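Let's take a friendly walk through this structure, with an eye on its pockets and on how far the model can be trusted.

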Amino acid sequence: MSDGTMTRQVLLFISVLSLSSVHGQVSYSIPEEMAKGSLVGNIAQDLGLDIKRLKSGKARIYTGDSAEYIELNKEMGVLLIKEIIDREALCGPTTPCALHFQIILENPMEFYTATVEITDVNDNSPIFERSKMKYEISESALTGAKFVLERAVDDDVGVNGLQSYSLKPTDNFVLKTLTRSDGVKNVEMVLQTPLDREKQEQISLLLTAVDGGEPQLSGTMQILITVLDANDNAPVCSQAEYKASVSENVSKGTVLTTISATDADPGSNGRITYSISKSGASHLFEIDHVYGVVKLNGHIDYEKSKHYEIDVQATDQGGHSDACKLIIEVIDTNDNKPSINIMSKTSAISENAQPGTVVTMMNIQDPDSGDNGRVQCSIDENIPFSMKSTSNNFFTVVTDSDLDRERASEYNISVTCSDEGVPSLSSSVTLTLQISDVNDNAPVFERSSYEAYIIENNTPGPSIFTVKARDADWNQNARVSYILEDSSVNGVPVSSYVSVSADSGVIHAVRSFDYEQIKDFQFRVKAQDGGSPPLSSNATVKIMIHDQNDNTPQVLYPVHTSSSLVAEMVPRSADVGYLVTKVVAVDVDSGQNAWLSYKLQKATDRALFEVGLQNGEIRTIRQVNDKDVVKQRLTVVVEDNGQPSRSTTVNVNVAVADSFPEVLSEFTDFTHDKDYNDNLTFYLVLALAVVSFLFITCLVVIISVKIFRWRQSRVLYHSNLPVIPYYPPRYADTLGTGTLQHVYNYEVCRTTDSRKSDCKFVRPCSQNVLIMDPSSTGTMQRMQSENNILDEPDSPLEVCNI
């Protein structure tokens, strides 16, 4: 590419125009062959989008299966050239040539359509497939004879494409250009001056093809003509234009049509040879050189080209020729499945998403045409999603009803796209969508109310019952905690009766229950989940306390007091079955624990009375007679039916008499006797207590004395020196009138081993004689000093040996 061409491209790049930005669409026009990184346009400004929106929405370009020539710079909001664009390679002869793509944004999902038109630059010269052509022309060729020349190919379009041909020199031939309906220029060489083989046997011509670009480019081909001897009739095609149609994807060798031409010359000069002029698509077809049968020589695809035009030349042996055109229409077959391209999708959606929320955007492409390329898409039924077409070939999957994760936590949405061809072709894709949880379900108890039982006199702390609630939500939203609701039972907070484990729902007894105080009570337990905000529900729990036989029967009648005595009177004329009285008792327990039975334990005369087992009625069982004593005492046992049973006793005093005075005198003595017996018992108990106290006191004193003496003897026993106690030297009265006239010394010797003492009476010893003062003062002093000596175990003792 020349420097001038590059300069014009740069100038053209600078003059890029933004064509439109209406309804989410924007168009640009740029020249081909722009360098990488070149600016296409400010997409953010043209779409009215903020740079921050491009970044937060993760803006990107979606091109489907096409190559990406344009890239998006999100930092600047502009479109840049990603790859160098060759318009001829991208679009061929098609005009206009444009790139179509979408700008995809997320959160929320949006897309905009962008079109970039690629304008042509004159970067291709006209090219002849062959550098030279050879013709053999008879010298008898008539003036005006035409010779079809190979046309040049210029990949550029418009003014940059092929514009004209020129032929030099023009001594014998002139050039004639024919423009077809499709704009293609065919070129013919027309004989203007008769040929003379004798003058010039070889003629060399130069055919030049020129385009209209700036600068102008050209291509040349050399034409070599050999002048032959006379052949004065040229072949003539039966038709100037042949038409044929063929379905795409037919096999190689399929016959398309037959070209026919005639030549009036006889013999070899009338033998015609058919050939296809070399052009862009000539390699796809072949022609029988003798019979003119045209066959398919390659693979044709409707999606690449919808029709072909080829030039067929009929030439005789003398070099005369004629040309005709063969137009081949390609018939589309439904040979392409719809292509599903996911532009953007989300993998998870909250269950509280509003209907109409977009979860997936996709682009559907089917290169076939007509009904074969018309696509309809559908998704599975009975799911809360639907498919909508936003524009041509663009579809979105949206929610069309409320979602509930508890009914379905995941959806596999199968999208099927089918064309309308016969037979129809389809493609499908499965979209996996997770439904994220929202705390929209409160915990639900297994029952709205519970009943539990516990036996009274329980120990505090054991479990009574367990309540259970379930939450259909997930994870933290389904974590259930149990709470005891504030209430009171008989004015006391229920929390002082029971407690509830927050994690397990186990109900524990906080205190010991007494059936006689409270038989049942109820409270409410709340189950609360861990969602935000938390949801909760309540259940009522009724605790019923079962009775234990923990109370003895209580006698209501007869009642005895310390100040009075109750006695029942039975006349001596009472017959058998006479109702004496009735023992009335109650038991505060319930059920069989309160069923009471009555038995006669003791009686003064057991043959006279009986007690009803169930009703406690005391009746006579025989006729009362005069021999029966007046005072009768009955001991009745009242026993309940519990396990184990409890009982109490009651004494019933009965007086058998006909008159009240008789009863009064008898029971007064009875009262006195009773008081006497009570006093006697008291004094006996008191005397026993005093004697016991004196005995224990004496025992303690004796033991103390024994211990004291034993300790003294142990001291003497362990001493290493003999102990010689000294007693006073004489016993006489202080007036000298005593019976003992002499003074004697008594010596006591003790051995440490025998613990025995020997006493001897010896004669007086002057050194041991103590002259007593009349007042006995000296004697007392001597006795005290000797006592002091005895008290000191280490003092030396004086021993007198006789």
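## Pockets

A pocket here is an open set of grid points with protein on both sides within 12 Å along at least five of seven lines. Please keep in mind throughout that this is a predicted model. The second largest pocket comes to about 830 Å³. Its lining is made up of 31 residues, and Thr63, Ser66, Ala98, His100 and Gln365 are the ones closest to its centre. Four elements each provide at least two lining residues for the second largest pocket: strand 4 (60-62), helix 4, strand 7 (97-105) and strand 27. Strand 7 contributes the most, with 6 residues. Sorted by class, the lining of the second largest pocket holds 15 nonpolar, 11 polar and 5 charged residues.

What volume does the largest pocket have? About 1500 Å³ of space lies in it. Around the largest pocket there are 37 lining residues, and those nearest its centre are Gly92, Pro93, Val153, Asp155 and Val184. Helix 4 (87-91) and strand 23 (307-315) each give at least two residues to this lining. The classes here are 14 nonpolar, 11 polar and 12 charged. Helix 4 is thus named for the largest pocket and also for the second largest pocket.

## An enclosed cavity

How many cavities of 30 Å³ or more does the structure hold? There is 1, and the largest cavity contains about 60 Å³ of space. Its lining consists of Lys345, Thr346, Val359, Thr360, Val397, Ile413, Leu431, Thr432 and Leu433. Strand 27 (358-365) and strand 32 (426-436) are the elements that supply two or more of these residues. Strand 32 supplies the most, with 3 residues.

In terms of chemistry, the cavity lining has 5 nonpolar, 3 polar and 1 charged residues. Strand 27 appears in the cavity lining and in the lining of the second largest pocket.

## A closer look at Arg53

Arg53 sits in helix 3, which covers residues 51-56. Is Arg53 buried or exposed? Arg53 counts as buried because its relative accessibility is 17%, and the cut-off for buried is under 20%.

The side chain of Arg53 makes a polar contact of 3.0 Å with the side chain of Glu110. Once neighbours within four places in sequence are set aside, the residues in contact with Arg53 are Leu105, Glu106, Asn107, Pro108 and Glu110.

## The chain as a whole

The protein chain has 6 helices and 54 strands. Of its 802 residues, 39% count as buried. Among contacts between residues at least 6 apart in sequence, 65% join residues at least 24 apart.

## How confident is the model?

Averaged over the protein chain, the pLDDT is 81, and 83% of the residues score at least 70. Residues 1-23 have a pLDDT below 50, and this stretch has 36 contacts in the model beyond near neighbours in sequence. Residues 719-802 also stay under 50, with 70 contacts beyond four places in sequence.

Where pLDDT is low, predicted coordinates should not be read in detail. For modelling work, then, the stretches to keep in mind are residues 1-23 and residues 719-802.

Conventions
Residues are numbered from 1 along each chain as its sequence is written. This is a predicted model: local features need pLDDT of at least 70, side-chain atom pairs count only at pLDDT 80 or more; totals for chains, interfaces and linings use all residues. Side-chain values use heavy atoms; hydrogens and water are left out. Buried means under 20% relative accessible area, exposed over 50%, partly exposed in between (1.4 Å probe, protein chains only). A polar contact is a pair of N or O atoms within 3.5 Å; within protein, one must be able to donate a hydrogen and the other to accept it, and residues adjacent in sequence count only if both atoms are side-chain atoms. Contact means heavy atoms within 4.5 Å. pLDDT is the predictor's confidence in each residue, from 0 to 100. On a 1 Å grid over the protein atoms alone, a cavity is a set of points where a 1.4 Å probe fits but cannot get out, and a pocket is an open set with protein on both sides within 12 Å along at least five of seven lines; lining residues have an atom within 4 Å of a point. Grid points are joined across faces, edges and corners, and a volume is the space filled by probe spheres set on the points. Ala, Val, Leu, Ile, Met, Phe, Trp, Tyr, Cys and Pro count as nonpolar, Asp, Glu, Lys and Arg as charged, and the others, Gly among them, as polar.
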